Amino acid sequence: MCVRRCAITVGDLGEFGVVSRITARLPQGAAIILGPGDDAAIVSAPDGRVVVSTDLLLEGRHFRRDWSGGYDVGRKAAAQNLSDVAAMGATPTSLVVGLGIPADLPLDWLDALTDGIRDECAAVGASVAGGDVTRCDLVVLGVTAMGDLGGRRPVKRSGAAPGQVVAVAGRLGYSAAGWALLEAGVPADSPALREAVAGHRRPCPPYAMGPLAAELGATAMLDVSDGLLQDLGHVAEASGVRIELDLTRFAVAEPVAAAAKELGTDPLEWVLAGGEDHAFAAVFPAGVRLPEAWRVVGRVCEGEGVAVDGWEPRQRGWDHFR
């Protein structure tokens, strides 16, 4: 009779078996000159410049295995790095992944994680070029993303100027709403609540809007990972300006509103200060005609900081050490 050891684990397969299993699930795209198997990978850089971003995901802090399956964790790990590259105005080309996993991790969870990373990369035409695997008490992912500017100038945080407009693309408030539902143990028993929870487990960055914003003349841009107010505060500080947001320009999506009603809270707190949606916030010259995906929500003025309808809220976003 099988009691606890029915599932095959990574410990049963061993380090090199795990590496072979992972790489077998990862097709290589056109940007990969030399993929997994050597001491280092080789990735093409047609522009001559490489945009690089790196991030960590720790079990228990950035995800919980009792809340998210391996596939969702993989999509999330790739998304939060690919979105940083796109927010510079670049097209993501590749990832390298450092993976720490327990020996008793079931192989099907590892397979799902690998597939999630692969599929999120496929959404932008990128590939996993290589990485490393080691034993760890918890699941830890260190992901580095690379991208190509395609002749465009990089869009930094420091280019905002008074008289310009602030716009956002992508979803806001979903991840924070989903996290709050999971934390409170509220059953996701309606389509709206299920969508909010899914938004926490798997973000949906508007990847194409990053390079498009660069082509439209964006002067500053970033990925909204720690909350819109906090992240726009980085733009304001780097540019030496004040950003004023107009609350009437923010729409609360139905999943966020439904979660707020269920928990008795103000959904705008999640929209303005919730993190991990990986939307984009950008500053454009006044008069630029923006596509529908970009919503103007404020303006850039003389001064410093970020204000909402003239007041400066205390709750601004996520800080790992606060």
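**Close-up views of a predicted model**

**View 1. A78 and its partners from further along the chain.** Setting aside neighbours within four places in sequence, A78 touches L95, I117 and E120. This is a predicted model, so please read each view with that in mind. To find A78, look in helix α3. Is A78 buried or exposed? Its relative accessibility is 0%, so A78 counts as buried. Now find L141: it comes 63 residues away from A78 in sequence, yet the two C-alpha atoms are 9.8 Å apart in space.

**View 2. V73, another residue of helix α3.** V73 has its place in helix α3 too. With a relative accessibility of 2%, V73 counts as buried. Which residues does V73 contact, once neighbours within four places in sequence are left aside? They are F63, S68, W109, L113 and L141. You can also trace the gap between V73 and A112: 39 residues in sequence, but 8.8 Å from C-alpha to C-alpha.

**View 3. The largest nonpolar core.** Here is a general idea to keep in mind: nonpolar side chains tend to be buried together in soluble globular proteins. In this model, the largest nonpolar core has 50 residues. The residues with the most contacts inside this core are L82, L95, I101, L110, I117, L141 and W294. Which helix gives the most to the core? Helix α3, spanning residues 70-86, does so with 7 residues. Pick out L82 and follow its contacts, again leaving aside neighbours within four places in sequence: P92, L95, E120, C121, V124, A126, A145 and Y207. Another core lies apart from the largest one and has 43 residues, including V166, V186, A236 and V308.

**View 4. An aromatic pair, F284 and W294.** How many aromatic pairs does the structure hold? There is 1. The ring centres of F284 and W294 are 5.3 Å apart and the ring planes stand at 75 degrees, so this pair is edge-to-face. The two partners link distant parts of the chain, being 10 residues apart. F284 belongs to strand β10 (residues 279-284), whereas W294 sits in the loop between β10 and β11 (295-301). Both F284 and W294 are buried.

**View 5. The second largest pocket.** This pocket holds about 490 Å³ of space. Its lining is made of 26 residues, and V19, T23, G130, G131 and D132 are the ones nearest the centre. Where in the chain do lining residues come from? At least two come from each of α2 (15-24), β4 (91-101), α4 (107-122) and β5 (127-135). Strand β5 gives the most, with 6 residues. Sorted by class, the lining has 16 nonpolar, 6 polar and 4 charged residues.

**View 6. Helix α5 and what it packs against.** Helix α5 is mostly covered, with 8 of its 11 residues buried. Which residues are they? The buried ones are Y174, S175, A176, A177, G178, A180, L181 and L182. These buried residues pack against α6, α9 and α10. Just after α5 comes G185, a residue with a positive phi near 70 degrees.

**View 7. Helix α9 and its cover.** In helix α9 (residues 254-263), the buried residues are P255, V256, A258, A259 and A260. What covers them? The cover includes α5 (174-184), α6 (191-201) and α10 (267-273). After α9 the chain continues with G264, whose phi is positive and near 65 degrees.

**View 8. E276 and H278 in the loop between α10 and β10.** E276 lies in this loop, and H278 lies there as well. What is the phi of E276? It is near 70 degrees, a positive value in a residue other than glycine. H278, also a residue other than glycine, has a positive phi near 60 degrees. The relative accessible area of E276 is 18%; buried means under 20%, so E276 is buried. H278, at 3% relative accessibility, counts as buried too.

Conventions
Residues numbered from 1 in each chain as written. Predicted model: local features only at pLDDT ≥ 70, side-chain atom pairs only at ≥ 80, totals over all residues. Heavy atoms only, no water. Core = buried A, V, L, I, M, F, W, Y, C linked by side-chain atoms within 4.5 Å. Buried < 20%, exposed > 50% of the residue type's maximum accessible area, 1.4 Å probe, protein only. Helix = DSSP H or I, 4+ residues; strand = E, 2+ residues; numbered from the N terminus. Contact = heavy atoms within 4.5 Å. 1 Å grid on protein atoms, 1.4 Å probe; cavity = no way out; pocket = protein on both sides within 12 Å on 5 of 7 lines; lining within 4 Å. Points joined across faces, edges and corners; volume = space filled by probe spheres on them. Nonpolar A, V, L, I, M, F, W, Y, C, P; charged D, E, K, R; others polar. Phe/Tyr/Trp six-rings, centres within 6.5 Å; stacked < 30°, edge-to-face > 60°.
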